[in-house]
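Me: I would like a close look at one part of this model, namely a single strand and what surrounds it. Please take me through it in one connected answer.

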Amino acid sequence: MKYDIILAGVGGQGVLSIAAIVGMAAVDAGLRLKQSEVHGMSQRGGEVQSHLRIADGRIFSDLIPAGTADMIVSMEPLEALRYLPSLAPDGVIVAERNPLVNFPNYPPLDDVLRALEVQPRATLVDGVGIAKALRAARSSNMVLLGAASTFLPLAAADLEAAIGKVFGRKGEAIVAQNVEAFRQGRLLTTTAQAG
Amino acid sequence: MEKFVPLGNEALAQGALDAGLSGIYAYPGTPSTEIMEYVQRSKEAAARGVHCQWSTNEKTALEAALGMSYAGKRAMACMKHVGLNVAADPFMNAAITGAHGGLIVAVADDPSMHSSQNEQDSRYYGRYAMVPTLEPADQQEAYDLPRYAFELSEKYAIPVMVRMTTRLSHSRADIVRRETVPENPLSIPANLRQFVLLPAVSRRNYAQLLEKQRDFEDEAERSFLNRYEDGPDTSLGIITCGIAYNYLMENYPDGCPYPVLKLGQYPVPTRLVTHLAEACEAILVLEEGAPLVEEMLRGYPVDSGRVHGRLDGTLPRAGELNPSLVANALGLEEREPVFAAPDLLVGRPPQLCDGCPHGDTYRALNEALEEYTKGRVFSDIGCYTLGALPPYNAINSCVDMGASITMAKGATDAGLTPAVAVIGDSTFSHSGMTGLLDAVNANAPVKVVIVDNQTTAMTGGQNSAATGQLEQIAVGLGVSRDHVRVITPLPRQHEVNVAVIREELDYEGVSVIIARRECIETAKRRRKSS
């Protein structure tokens with residue numbers, strides 16, 4: 001088994017938290033892991049991505065070869081498009097539908113969303129809206145992770161346990177909020193798949 | 001046992017701690033910063049009293065590490081590649097003094113310039129100084145390597161360079177830890193003149209260094225980091241350096257059909273390379289960084305045409321490698337991306353955070369400079385370099401740490417007056433103070449704007465060496481007390497700030513304008529933790 005994920009977003013959106021949770025759940029499940037991160041200048045509101053590779057055997061490259069990623073999870077719709085060339089033919093996209101417009105020439109949002117919707121296996125998620133409704137505005141990344149989780153070769157319970165570990169320092173209330181955001185996100189794709 | 005999934009930098013740091021490290025010295029710089037930060041967070045390091053304070057710059061860091069080595073203990077200096085330029089003086093000369101306690105100089109290179117102004121390959125420095133240079137291929141090697149490096153350093157009384165690159169520095173993997181080696185006791189060198197580089201001593205030490213070259217190469221022939229892996233198809237032999245090995249093997253999940261020489265220790269082991277060259281028809285060299293090994297193999301002036309790599313276009317001349325570039329170099333059928341990025345895609349440049357004090361400083365500076373011709377603002381390395389981009393378009397240079405003040409001084413010497421230097425507080429303490437003294441001594445009309453956010457922001461908010469001392473330093477260096485001004489970069493202070501800058505632009509000597517407001521990121525973190 002080998003599963004390669006591109007995690008994308010804008011500096012400050014919590015991309016590395018998603019990576020940390022998936023990574024922890026994978027290692028706790030006895031899988032091998034490689035996960036590259038972006039540090040430095042891009043973290044100042046620029047494009048950031050993490051290559052996350054999990055497998056039951058040895059993983060060589062820290063980077064995912066072009067055209068082979070099993071999944072793109074993106075906290076931002078335009079950023080999801082940026083990594084399309086990384087995606088395998090049967091790859092899945094789970095992307096936030098609310099844009100982060102922090103530069104002047106952001107393309108028309110309708111065009112961005114349409115470019116995603118025409119992809120064969122794309123799910124657009126209103127993570128920002130769901131997190132707000134839960135009064136947990138900062139947890140939209142967990143909504144995305146929840147929506148992505150139905151495709152991952154990891155058990156939901158293991159991912160929830162990893163959320164507990166990663167956010168544990170911040171107290172039980174924060175953990176509970178993030179777990180709830182995760183569950184709401186997961187519901188989106190479980191019902192879609194069932195339907 | 002708790003699973004350990006460190007970044008490459010963290011693996012190196014834990015490896016050094018487990019190998020009896022007594023002190024780590026560094027100045028922050030992407031992609032090297034996490035080596036020091038890991039030790040600062042480590043409970044074991046704290047319990048042992050391992051020295052782990054930031055240094056003012058890479059030169060002071062390396063010199064302090066050399067001092068700890070002199071005193072018999074195991075020390076590590078860490079920096080990014082351009083930091084080694086700053087530390088080049090102690091680095092080159094530490095090769096002549098040699099080491100006493102084990103000494104590692106860890107340098108993280110940034111091929112593709114993700115967060116740097118160039119992509120120099122530090123292995124050239126290792127070769128230049130003629131010291132053993134080690135390059136891990138993965139996180140496990142990064143962990144295992146300090147133990148070996150310290151032993152090598154003490155066996156031959158020589159500093160050892162460890163070269164990291166961005167992808168390994170900033171990538172996690174699960175690794176296995178080993179038992180901890182105790183720290184060395186305090187001891188001074190047997191020869192009390194070993195470190196006295198008077199010509200007579202230097203000549204003797206240098207002769208010894210030259211003699212040791214054969215030993216260094218013998219060590220490289222036997223090193224666990226260098227490995228010959230045979231393969232049935234000898235039409236090609238492949239040399240990989242550092243993490244390039246991973247990109248090669250990624251393309252051959254069932255094993256590489258060609259003989260492979262995996263290199264991670266230099267000087268280049270001649271016997272291993274000769275073995276590969278004799279066994280194979282052509283040679284492909286895969287290096288993360290510059291074509292150092294490839295150039296050595298090509299020979300000058302006669303090139304046999306057998307060697308392929310970055311110099312003949314088999315691989316791009318610049319930038320980092322990846323599995324696809326390597327597949328292409330091997331003539332493998334490329335997995336053509338099925339999905340293309342749509343035409344509407346645009347880049348998202350990094351930028352100053354909302355509410356960043358630098359934005360307010362640049363708005364005031366731009367307005368104050370409206371009456372002058374453009375192109376007179378020299379700047380430096382830090383978040384504020386983003387002032388070069390819209391909407392500010394406020395600065396005209398960014399070269400190396402401290403160059404804002406000295407370039408502005410040179411420009412005023414040429415007649416471009418007044419000239420402005422915009423420099424961060426941490427960069428000022430790193431390399432700006434000596435340049436300011438030059439400007440004072442020449443009474444040059446240089447307007448030094450120190451954007452003082454009281455931290456080293458770009459690398460994540462490390463302590464800044466001169467916090468709380470900038471006015472004293474400026475006055476101490478001879479700037480007139482009346483022309484050391486402090487402004488608060490806030491929107492409501494805009495008019496006042498413009499007026500202060502205008503006044504100083506009119507003054508015909510050196511001015512220092514300290515624009516002081518805490519970085520909003522560190523302020524946020526401080527509020528959360530209190």
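Reply: A good place to begin is a pairing across the two chains of this predicted model: A:Q35 has B:R172 as its bridge partner, and B:R172 belongs to β6(B). That pairing is part of an antiparallel arrangement in which strand β2 of chain A, residues 32-36, is joined to β6(B) by 3 bridges.

The strand β6 of chain B covers residues 171-173, and B:S171 lies in it. Is B:S171 buried or exposed? B:S171 counts as buried, because 27 C-beta neighbours fall inside 10 Å of it, where 20 or more are needed for that label. Leaving aside residues up to four places away in sequence, B:S171 touches A:K34, A:Q35, A:S36, A:E37 and A:D62 from chain A, together with B:L7 and B:G8 from chain B. A:Q35 thus appears both among the contacts of B:S171 and as the bridge partner of B:R172.

The strand takes part in a wider contact between the chains, to which chain B brings 41 residues and chain A brings 40 residues. On the chain B side, β6 is one of the elements that supply at least two residues each, the others being α9 (166-169), α11 (244-250) and α14 (323-329). Among these contributions, that of α11(B) is the one that gives the most, with 4 residues. By class, the side of chain B that touches chain A divides into 24 nonpolar, 9 polar and 8 charged residues.

The surroundings within chain B can be followed through its domain assignment, which gives domain 1 (8-222), domain 2 (227-329) and domain 3 (357-527). The centres of domain 1 and domain 2 of chain B, taken over C-alpha atoms, are separated by 26 Å, and 26 residues of domain 1 are in contact with 21 residues of domain 2. On the domain 1 side of chain B, α7 (123-129), β4 (133-134), α9 and α10 each supply at least two residues, and the largest share, 5 residues, comes from α10(B). This side of domain 1 of chain B has 9 nonpolar, 6 polar and 11 charged residues. Helix α9 of chain B is therefore listed on both sides, since it supplies at least two residues to the one that touches chain A and at least two to the one that touches domain 2 of chain B, with contact taken as C-beta atoms within 7 Å.

Helix α10 of chain B deserves a further word. Across its 24 residues, 199-222, α10 of chain B reaches 35 Å from its first C-alpha to its last, close to the 34 Å expected at 1.5 Å a residue, and a kink of about 35 degrees is centred on B:K212. The buried residues of α10(B) are B:N205, B:L209, B:F216 and B:A220, and they pack against α6 (88-97) and β10 (265-266) of chain B. To relate this helix region back to the strand, the C-alpha atoms of B:S171 and B:A207, which are 36 residues apart along the chain, are separated by 41 Å.

The packing partner α6 of chain B also links to another helix, α4(B), whose buried residues pack against β1 (21-26), β2 (74-80), α5 (81-86), α6 and β3 (103-109) of chain B. Those buried residues include B:E58, B:A61, B:L62 and B:M68. Just after α4(B), B:G72 takes a positive phi of about 90 degrees.

Terms used:
Residues are numbered from 1 along each chain as its sequence is written. Chains are lettered from A and ligands numbered from 1 in the order in which they are written. This is a predicted model: local features need pLDDT of at least 70, side-chain atom pairs count only at pLDDT 80 or more; totals for chains, interfaces and linings use all residues. The expected span of a helix is 1.5 Å times one less than its number of residues. The bend at a residue is the angle between axes fitted to the seven residues ending there and the seven starting there. A residue is buried if 20 or more other C-beta atoms lie within 10 Å of its own, exposed if 12 or fewer, and partly exposed in between; C-beta atoms are placed from the backbone. Two residues are in contact if their C-beta atoms, placed from the backbone, lie within 7 Å. Ala, Val, Leu, Ile, Met, Phe, Trp, Tyr, Cys and Pro count as nonpolar, Asp, Glu, Lys and Arg as charged, and the others, Gly among them, as polar. Two strands pair if DSSP finds at least two bridges between them. Domain bounds come from an automatic or database domain assignment.
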